[in-house]
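Please open the model in your viewer and keep the sequence panel beside it. The tour below goes from the whole chain to single residues and helix pairs, with a selection to make at each stop.

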Amino acid sequence: MVAQELGVIAVSPEQREEQNEAAQELAALGSEQGERAGTPLFFRSPEQRPIEIPGSETLQSQQILVAGMLRRTNLLDLIRNFTVFQQVDGKTRKVVARYQQFRAVHRAVDRLREGRTRAQGAPRDERGGIIWHTQGSGKSLSMVFLVRKMRMMKWLKHFKVVVVTDRTDLEDQLRETARLSGETLRPDDNDMKRRESPTACTQRILKEQTPDIVFAMLQKYQDAARRETSDKVAMTIVRKEKKPGKDQPVVEKELTLEETIRFEEFPVLNESEEILVLVDEAHRSHTRNLHRNLRKALPNAAIIGFTGTPILSKEKTETREIFGEFIDKYILQDAELDGATVPILYEGRTADGMVKDAPGLDELFEDMFRDYEPKELAVIKARYATEGDVLEAPLLIEQKARDMIRHYVGVVLPEGFKAQVVATSRRAAATYYEKLRAARDELAAELEALPLATLALTDDEIEKLDVHTRFLARAHKELSKLRAIEIAVVFSSIDHNEPESWKDWADKSKQEERIKRFKRKFAPEKTDKTDPLSILVVNNMLLTGFDAPVEQVLYLDRKIVAHDLLQAIARVNRTYGRKKCGYVVDYIGVVRHLSEALKDYDGEDTKGALIDIGVELPKLLDRRARAVAVFTDRGITDLQRQVAECVELLEDLRIRADFINKLRMFYDALNLLEHRPEVPGDVFRDAKLLGFINKVAANLYRDPALNLLGVAEKVKALIDAHVSARGIDPKIPPTTITDAEFEKVLQVQSGSRARAVQIQHAARYHIIGFSNQNPAYARKMSEKLEEILQRFKDDWDALERELRKLIEELREGDRDDFPHLDPKVQVPFVRLVLEECSKGRELNEAQRTTALTVTLEMVERIQQEIRAVGFWKNSHAREMLTRRLVRDLDSAGICPPGADRDLAQRLVALAKENHENLVRP
């Protein structure tokens with residue numbers, strides 16, 4: 001369709017009529033949700049689209065994707081330079097560039113090609129710039145694609161590429177990704193065998209005139225011996241400190257302040273213009289001193305800075321002065337709209353708020369500060385609920401840990417995701433470890449003690465319970481998972497005066513093992529791919545550069561500021577399975593002040609950084625109204641009393657498509673908020689009612705789109721419980737025509753019309769079921785079904801009678817036309833050959849006999865060949881079988897000219913679909 005709109009292919013009147021009909025169907029569904037997360041695009045905005053695409057504003061997202069990717073130059077470029085293969089969980093995955101990576105690489109290449117060098121008269125090299133792609137958008141892969149693209153261009157292929165980082169873990173991550181380029185990475189094993197320091201090794205490699213990919217940390221450019229002799233100034237002061245509480249003593253603490261007043265200058269290492277420096281997290285650590293020295297070491301290199309965190313407004317001018325203008329920007333909101341990242345929802349559960357809602361915390365504060373006057377106590381609550389040593393208080397951590405476990409079990413665990421807890425100190429992290437384990441065991445004991453009578457309550461009866469009991473009744477199904485939950489602590493090396501038991505948590509090898517376990521999918525059983533370690537407690541570690549897509553929630557109990565905060569919350573925005581969003585649950589009030597902190601950034605850059613969960617409630621109510629309106633706009637006044645009428649409306653494919661789309665959007669919004677007390681009860685009532693209508697329609701129309709695939713497990717469980725209570729088991733698929741119970745299902749229907757509708761959709765579902773195994777027969781029976789529906793559409797009694805005859809014929813299977821052949825082994829092939837060979841002509845008796853004979857011989861050949869172990873994974877074996885079938889067809893002379901190979905390929909494909917029948921004894 002897009003090719004036709006581009007004028008590449010002419011449009012016939014028949015095709016134009018089909019396009020008009022399709023356009024009407026799209027219009028019936030309403031305008032596309034262009035702002036829906038996961039909308040696939042290649043050109044995000046109209047101005048990015050080539051001018052050759054006429055009327056591009058009206059194209060649907062799939063058409064835009066096709067118009068971008070399948071343009072000849074783009075497609076060949078994507079295949080050649082923007083496709084790599086990764087090993088993930090033992091499987092090979094093909095990775096193709098996203099549109100922003102494709103766009104950024106092309107813009108970077110244009111800048112490298114067109115920008116002036118200093119030798120050409122520029123005051124500084126103009127070939128570099130900044131690529132700002134938000135976290136989770138694949139910056140390291142963008143570097144790989146850039147190198148691959150450069151290597152295919154004669155004026156760029158000889159460049160030495162230097163990748164500069166500021167942290168070992170980032171270098172390791174980038175190095176692993178860069179291996180996908182297929183190039184030698186330096187330092188390599190031979191470099192490491194030489195007896196020289198890391199600094200000397202880095203400098204030696206940079207001096208070489210070779211087109212390598214070189215990895216270096218900023219510190220490795222410096223001479224360590226000379227750096228240690230740099231001029232320094234230091235001063236020691238004595239500061240008085242006092243912990244809160246009248247009985248706490250005032251202590252004196254020494255603090256030494258130190259500053260280097262002369263910085264190491266780098267030597268000139270390589271003056272070539274054919275060097276490209278890629279700086280990761282450019283604005284974070286690439287200070288003026290380091291940049292000046294890098295420029296001195298590689299004076300004529302082009303430098304491109306990559307960053308994934310919004311740049312402070314006051315630093316943007318400086319960053320541009322260092323690297324040049326922006327090459328490409330892909331902001332937070334772009335990534336969410338593309339489905340490259342998931343939105344992050346913020347829940348404020350600060351200690352202040354918990355005091356208001358939990359009398360136990362009031363008592364906690366009063367116990368801790370019992371000697372203070374009420375006014376003083378209020379001041380302490382306001383101050384120390386967000387900062388100070390109170391954050392390490394075991395009683396306060398115990399309360400928060402209990403709340404975290406309940407939130408985790410109610411919101412995150414049902415979907416199989418994991419959590420990270422950020423504590424204010426190592427001591428607080430250790431306390432959290434103890435209190436979280438205790439809270440886990442406490443909740444498990446409460447669930448085990450629930451009376452059987454409570455567990456036997458219906459969903460509607462559970463709604464009437466108090467909040468705590470209602471939570472327990474719903475959480476009981478997660479008991480086995482809860483028991484299995486493991487918790488671990490990860491923090492950096494400990495001081496000599498800290499407990500010996502903490503060393504285990506600071507041990508690097510054990511940290512790596514725990515991190516590896518945490519990244520696996522959650523399951524009570526520990527395997528190579530699953531692990532019950534589901535909560536990591538940290539202080540400073542794993543807040544930047546840590547990529548664990550299975551993590552959905554960050555429990556924040558430590559003050560974090562500026563870009564460190566944005567980096568930390570981005571831990572939960574990675575896509576993973578059915579993850580619809582990430583959560584940041586704030587227990588300290590940091591994110592409460594995020595809007596203030598974001599004033600230091602450009603509004604466009606940080607738009608969509610966090611979504612207050614309370615703001616989502618109007619969206620939920622609006623989506624609920626849209627889903628209900630599918631029926632109320634068509635005359636339904638009471639959904640509960642008019643379920644049959646609602647289901648009848650869904651027989652129309654257009655209405656059904658509209659309903660499915662709006663129901664899933666409603667359920668997506670409900671998934672985010674279903675645990676919040678602000679959600680009105682009638683929202684859950686409508687969710688259950690619409691789910692019941694959906695399930696009845698799914699049983700009747702056998703439409704797989706109605707099976708709620710992709711809907712969150714929490715919401716699906718809520719709907720399934722209600723559907724079961726209404727008499728339908730959601731786990732049992734619709735009764736098939738071959739089922740002995742099918743006749744009982746028909747008898748339940750109230751009249752000929754209802755029975756005819758039930759038979760019609762059951763027959764269609766049955767035909768679809770064998771369409772791959774016997775396509776020719778499926779087409780024949782489908783045409784017969786449609787002919788019956790058209791002939792008797794106004795006579796329900798006659799329609800029921802004729803459909804029953806069709807059902808009996810379908811039950812018998814494909815036996816009538818070829819009674820002496822095996823209906824599951826030989827007949828599908830015979831039908832396919834006869835159908836293809838008779839196109840445009842009628843076969844005489846001799847030709848039919850020849851076709852039948854050669855087909856049976858080919859079936860025997862196929863049966864022999866496909867018995868070989870691993871046949872379907874062996875492309876050479878499949879090709880040899882196809883060639884033999886082509887020769888058989890050609891020798892028989894039964895196919896129209898030029899149709900032999902196409903038919904042979906279809907026969908091999910049919911053999912794969914019927915493999916089990918063909919190889920049975």
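With the whole chain selected and its surface displayed, you are looking at about 45800 Å² of exposed area, of which carbon and sulfur atoms supply 50%. This is a predicted model, and every value given along the way is computed from it. Of the 921 residues in the chain, 50% are buried. If you switch to a cartoon view, the secondary structure comes to 42 helices and 20 strands. Among the contacts with a separation of 6 or more, 73% are between residues 24 or more positions apart.

**First stop: two places in loops**

Select Gly138, which is found in the loop between strand E3 (129-133) and helix H6 (139-151). Is Gly138 buried, partly exposed or exposed? With a relative accessible area of 22%, Gly138 is partly exposed, because buried is reserved for values under 20%. Now add Gln100 to the selection: Gly138 and Gln100 are 38 residues apart along the chain, and their C-alpha atoms are separated by 9.6 Å. If you set aside the neighbours within four places in sequence, the residues in contact with Gly138 are Arg98 and Gln101.

Next, select Arg186 and Pro187 and display the backbone atoms, since the peptide bond that joins Arg186 and Pro187 is cis, with omega about 0°. Pro187 is found in the loop between strand E5 (185-186) and helix H8 (189-193).

**Second stop: helices H19 and H22**

Select residues 426-448, which form helix H19, together with residues 467-475, which form helix H22; the two pack at an angle of about 85°, with their axes 10 Å apart. That angle makes H19 roughly perpendicular to H22. To see the contact itself, show the side chains of Leu443, Glu446 and Leu447 in H19, which meet His468, Phe471, Leu472 and Ala475 in H22. By class, the contact of H19 with H22 has 5 nonpolar, 1 polar and 1 charged residues.

**Third stop: Lys508**

Move on to Lys508, which lies in helix H25 (residues 508-518). Its relative accessible area is 58%, so Lys508 is exposed. Add Ser493 and draw a distance between the C-alpha atoms: Lys508 and Ser493 are 15 residues apart in sequence and 8.8 Å apart in space.

**Fourth stop: helices H31 and H32**

Select residues 653-673 for helix H31 and residues 681-701 for helix H32, whose axes come within 11 Å and cross at roughly 140°. That makes H31 oblique to H32, because an angle has to be over 145 degrees to count as roughly antiparallel. The crossing in which H31 passes H32 is left-handed. On the H31 side, display Arg656, Phe659, Leu663, Phe666, Tyr667 and Leu670; these meet Val683, Phe684, Asp686, Ala687, Leu690, Gly691, Asn694 and Tyr701 in H32. Coloured by class, the residues of the contact of H31 with H32 divide into 10 nonpolar, 2 polar and 2 charged.

**Fifth stop: Ile759**

Select Ile759, which lies in helix H35 (residues 752-770). Ile759 is buried, with a relative accessible area of 1%. Which distance appears if you add Ile807 and join the C-alpha atoms of Ile759 and Ile807? Although Ile759 and Ile807 are 48 residues apart in sequence, they are 7.7 Å apart in space.

**Last stop: helices H36 and H38**

Finally, select residues 775-791 for helix H36 and residues 827-837 for helix H38, which pack at an angle of about 75° with their axes 7 Å apart. That makes H36 roughly perpendicular to H38. The side chains to display here are those of Ala776, Tyr777, Arg779 and Lys780 of H36, with Arg831, Leu832 and Glu835 of H38, since these residues make the contact. By class, the residues of the contact of H36 with H38 divide into 3 nonpolar, no polar and 4 charged.

Key. Residues are numbered from 1 along each chain as its sequence is written. This is a predicted model: local features need pLDDT of at least 70, side-chain atom pairs count only at pLDDT 80 or more; totals for chains, interfaces and linings use all residues. Side-chain values use heavy atoms; hydrogens and water are left out. Axes are lines fitted to C-alpha atoms, for helices over the stretch in contact, and angles run from 0 to 180 degrees between N-to-C directions. Helices (H or I, at least four residues) and strands (E, at least two) are DSSP runs, numbered from the N terminus. Angles under 35 degrees count as roughly parallel, over 145 as roughly antiparallel, 65 to 115 as roughly perpendicular and the rest as oblique. A crossing is left-handed if the near helix is turned anticlockwise from the far one by less than a right angle, and right-handed if clockwise. Contact means heavy atoms within 4.5 Å. Ala, Val, Leu, Ile, Met, Phe, Trp, Tyr, Cys and Pro count as nonpolar, Asp, Glu, Lys and Arg as charged, and the others, Gly among them, as polar. Buried means under 20% relative accessible area, exposed over 50%, partly exposed in between (1.4 Å probe, protein chains only). Accessible areas come from the Shrake-Rupley method with a 1.4 Å probe; for residues, only the protein chains shown count as cover.
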